[in-house]
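Colleague: Got a minute to go through this one with me? I'd like to ask about how the pieces pack and about any odd backbone spots.

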Amino acid sequence: MSGPVLIFGGTFDPIHVAHLVAAEEAADQLAVERVVFIPSASPPHKESREVTGSEHRCAMLEAAIETNDRFTWDACEIERGGVSYTVDTLRALASRWGLDSRELYCLVGGDSIVSFRTWREPDTILSLATLAVAGRPGFDERSIDRSLHDHVRFLETTPLAISSTEIRRRAAKGRSIRYLVTDPVWDYIERQGLYHG
Ligand code: ATP
C-alpha cells in the first residue's frame, strides 16, 4: 500500500453515521487516500456484553462503506481471534504495508483516548503510529495525559452524539434508527432482525 493510511478500529455493532463522518473528515484533514476500518474480534473493554457476530458486523460495515472509494476494511482482528489489541494490529499492518509511524494513523474517538494509558503496550503503539483523535460530545482535550500531546493529532470533526449502544437500545424498544445508520445498514438490520430485543 503506498501513501499514508488511516486505520479505524471499533466494534461497529452497528457502524453508524458518526463513525463515517469522523472517518471522512479525518481522511481530509490528514490527507490520506485510504481509510481501513478494522472490526474487532472481542474488544478488551467490552467483555461484559455479548457482541453481535462478526459476520453481521462485517456485512454492515461493507454495506456502509461500499460507495466511498477511500474506504475499505480488513478482517485481521477477526482472523486473529481472541481479544483484539490495537498494538498487535498496528504491528501486523505496519509490517504488511511497510509503513512507519508518520505514514500510519490510528483514528480514535475522544472517549477512547482518555483511557489510552491502560491499553496494552501504549508506548509501542506510539512508536508504530500517530494517534488521530476525533472529538465526541463531552470530550475535552485537556482530559488527555500530557505525555500524549506530542503523539496526537487533534482533529476538527463534527460532534455527533450518536453511539452504537443507543442505537441498539432504540432498536430493542422498537424505535426507529433510520438515518442514524446509512440506508443499506438500516435495511440489513431490518432484514436480519438484529437488535430487536
Ligand atoms: P458502543 O456504544 O457499543 O460502545 P461506539 O458507538 O462507541 O459503540 P465503537 O465501535 O466502540 O462505537 O467505536 C469505534 C471508535 O469510534 C472508537 O474510537 C469511538 O471512540 C469512535 N466513535 C464512536 N462513536 C463516535 C462519535 N459519535 N463521534 C466520534 N467518535 C466516535
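Colleague: Which helix do the buried residues of helix 8 pack against?

Modeller: Keep in mind that this is a predicted model. Helix 8 covers residues 183–192, and its buried residues are Val 185, Tyr 188 and Ile 189. Looking down the axis of helix 8, these fall within an arc of 95°, so they line one face of the helix. What those buried residues pack against is helix 2 (54–65).

Colleague: And which residue follows helix 8, and what is its phi?

Modeller: Helix 8 runs through residues 183–192. After helix 8 comes Gly 193, with a positive phi, near 65°.

Colleague: Which residue in the loop before that helix, between helix 7 and helix 8, has a positive phi without being a glycine?

Modeller: Most residues other than glycine have a negative phi, and most peptide bonds are trans. The residue you want sits in the loop between helix 7 (164–172) and helix 8. At 59% relative accessibility it counts as exposed. With a positive phi of about 80°, that's Tyr 179.

Colleague: Moving to the sheet, what is the handedness of the crossover from strand 1 through helix 1 to strand 2?

Modeller: Strand 1 (residues 5–10) and strand 2 (residues 34–39) run parallel and are joined by six bridges. Within that pairing, Gly 10 sits opposite Pro 39. The chain gets from strand 1 to strand 2 by way of helix 1, and this β-α-β crossover is right-handed.

Colleague: Which residue of strand 4 stands opposite Ile 7?

Modeller: Strand 1 also pairs with strand 4 (residues 104–109), in the parallel sense and over four bridges. Opposite Ile 7, on the strand 4 side, you find Cys 106.

Colleague: Since a cysteine has come up, how many disulfides does the count give?

Modeller: A disulfide is a covalent bond between the sulfur atoms of two cysteines. For Cys 106, the closest cysteine sulfur is in Cys 76, 11 Å away and too far for a bond. For Cys 76, the closest cysteine sulfur is in Cys 58, again 11 Å away and too far for a bond. With a cut-off of 2.5 Å between the sulfurs, the count comes to zero.

Colleague: Are Cys 76 and Cys 106 buried or exposed?

Modeller: The cut-off to use is under 20% relative accessible area for buried and over 50% for exposed. Cys 76 has a relative accessible area of 9%, and Cys 106 comes in at 4%. Going by those values, Cys 76 is buried, and Cys 106 is also buried.

Colleague: Back to the loop between strand 1 and helix 1: which residue there is joined to Asp 13 by a cis peptide bond?

Modeller: Omega for that bond is about 0°. The partner of Asp 13 is placed in the loop between strand 1 and helix 1. The residue is Pro 14.

Colleague: What is the phi of Phe 12, in that loop?

Modeller: Phe 12 lies in the loop between strand 1 and helix 1. At 2% relative accessibility, Phe 12 counts as buried. Its phi is positive, in a residue other than glycine, and the value is near 50°.

Colleague: Last one: leaving aside neighbours within four places in sequence, which residues is His 19 in contact with?

Modeller: His 19 belongs to helix 1 (residues 17–30). With a relative accessible area of 13%, His 19 is buried. Its contacts, with those sequence neighbours left out, are Phe 8, Phe 12, Pro 14 and Ser 164.

Terms used: Residues are numbered from 1 along each chain as its sequence is written. This is a predicted model: local features need pLDDT of at least 70, side-chain atom pairs count only at pLDDT 80 or more; totals for chains, interfaces and linings use all residues. Side-chain values use heavy atoms; hydrogens and water are left out. Buried means under 20% relative accessible area, exposed over 50%, partly exposed in between (1.4 Å probe, protein chains only). Helices (H or I, at least four residues) and strands (E, at least two) are DSSP runs, numbered from the N terminus. The arc is that of the directions from the helix axis to the C-beta atoms. Contact means heavy atoms within 4.5 Å. Two strands pair if DSSP finds at least two bridges between them. A crossover is right-handed if, with the strands pointing away from the viewer, the path from the first strand over the helix to the second runs clockwise.
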